[in-house]
Amino acid sequence: MREIDEILNSTSHRPFEIPHGNWIYYQEWNRALFLHWIVPFELLRECVPPNLNIDTFEGNCYISLVAFTMEKIRRRLLPSIEYVSDFDEINVRTYIENDDKKGVYFLNIEAGKSISAFVAKTISGLPYEKAKTHRTDKLYSSENPHKGFSLNAEFEIGQEIDNKTELDKWLTERYCLYLDKDNRLYRYDIHHKEWELKNVNIKNLKLNYKIGEIDLNERQLNLAHYSDGVKVIAWKRQKI
């Protein structure tokens with residue numbers, strides 16, 4: 001519990017107040033590769049529920065692909081079960097601000113294990129799908145045959161970013177996620193220590209992700225980050 005207390009007591013980096021009440025879930029988002037693209041507002045607007053407000057930075061909308069390894073996910077007071085709780089994940093997200101709470105909205109989300117995708121979808125309501133994934137220290141690849149989505153990213157991890165830009169923070173310091181399910185909107189509040197980001201050199205990038213009319217394969221990659229990871233606590237979802 002000391003580790004959880006340290007997380008809860010680290011709040012100066014948050015853009016809004018930490019939630020009240022007991023947290024429900026613990027999880028770790030480790031070895032995370034962030035890929036970011038600027039996309040047209042009018043195309044993105046078609047992919048996002050109308051009552052979610054698309055957040056922008058200096059007038060630009062962004063979509064990010066985040067490839068990482070989920071580990072040790074568990075409910076409060078229960079142990080994690082490695083066979084289910086540890087898996088590679090890829091999510092494609094955009095950025096939302098509703099009620100002065102900056103968060104993310106998942107346009108697509110995939111897990112590297114069938115059982116993990118099923119359990120995560122059942123418990124969270126997020127639209128997880130199974131994708132075949134493989135990763136090393138310098139490679140992340142995946143294939144989702146259901147949608148024809150794929151990723152092959154070769155990269156070299158650089159030095160830690162000592163002075164993050166406002167855009168670096170805007171893209172990563174997000175403390176809630178929005179979910180639309182059964183014609184209802186929900187918000188999951190989360191908390192973790194500030195992301196420690198590293199520069200990353202993308203040596204080769206091939207992908208096939210088309211969200212609505214936005215084809216990421218045809219767009220220029222605008223920015224990339226890498227992080228060793230964060231330890232995350234999450235609260236029960238709230239209807240909004």
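**Strand β4 and its surroundings**

Strand β4 and strand β9, which spans residues 176–181, pair in the parallel sense over 2 bridges. In this pairing, V104 has L177 of β9 as its bridge partner. The model is predicted, and the description below starts from β4 and moves outward.

A second parallel neighbour of β4 is strand β5, residues 128–130, joined to β4 by 3 bridges. Here E110 stands opposite E129 in β5.

The pairing with strand β3 runs in the other sense. Strand β3 covers residues 87–98, and its pairing with β4 is antiparallel, over 10 bridges. Within this pairing, I96 faces G103 of β4. The two strands, β3 and β4, make up a hairpin with 2 residues between them. D99 sits in the turn and has a positive phi of about 55 degrees.

How enclosed is strand β4 by the rest of the structure? The strand runs from residue 101 to residue 111, and 9 of its 11 residues are buried, that is, under 20% relative accessible area. Strand β4 is therefore largely enclosed by the rest of the structure.

The next step is the nonpolar interior. The largest nonpolar core has 36 residues, and those touching the most other members are L44, L65, L107, L151 and Y209. Several elements give two or more residues to this core: β1 (25–39), β2 (61–75), β3, β4, β8 (149–160), β9, β11 and β14 (223–234). Strands β3, β4 and β9, met above in the pairings, are thus among the contributors.

L107 gives a closer view of this core. Not counting residues up to four places away in sequence, L107 touches L44, C47, V48, I63, V92, R93, T94 and I211. One of these, L44, is also on the list of core residues that touch the most other members. Another core, of 34 residues, lies apart from the largest one. Its members include I24, Y62, I161 and W195.

The last stop is K198, in strand β11, which comprises residues 197–208. Which residues does K198 contact, leaving aside its neighbours within four places in sequence? They are I157, G158, Q159, E160, I161, H225, Y226 and D228. With D228 there is also a polar contact, from side chain to side chain, at 3.1 Å. Among the contacts of K198 is I161, a member of the core of 34 residues. K181, by contrast, lies 17 residues from K198 in sequence, and their C-alpha atoms are 35 Å apart in space.

How values were computed:
Residues are numbered from 1 along each chain as its sequence is written. This is a predicted model: local features need pLDDT of at least 70, side-chain atom pairs count only at pLDDT 80 or more; totals for chains, interfaces and linings use all residues. Side-chain values use heavy atoms; hydrogens and water are left out. Helices (H or I, at least four residues) and strands (E, at least two) are DSSP runs, numbered from the N terminus. Contact means heavy atoms within 4.5 Å. A polar contact is a pair of N or O atoms within 3.5 Å; within protein, one must be able to donate a hydrogen and the other to accept it, and residues adjacent in sequence count only if both atoms are side-chain atoms. Buried means under 20% relative accessible area, exposed over 50%, partly exposed in between (1.4 Å probe, protein chains only). Two strands pair if DSSP finds at least two bridges between them. A nonpolar core is a set of buried Ala, Val, Leu, Ile, Met, Phe, Trp, Tyr and Cys residues joined through side-chain atoms within 4.5 Å.
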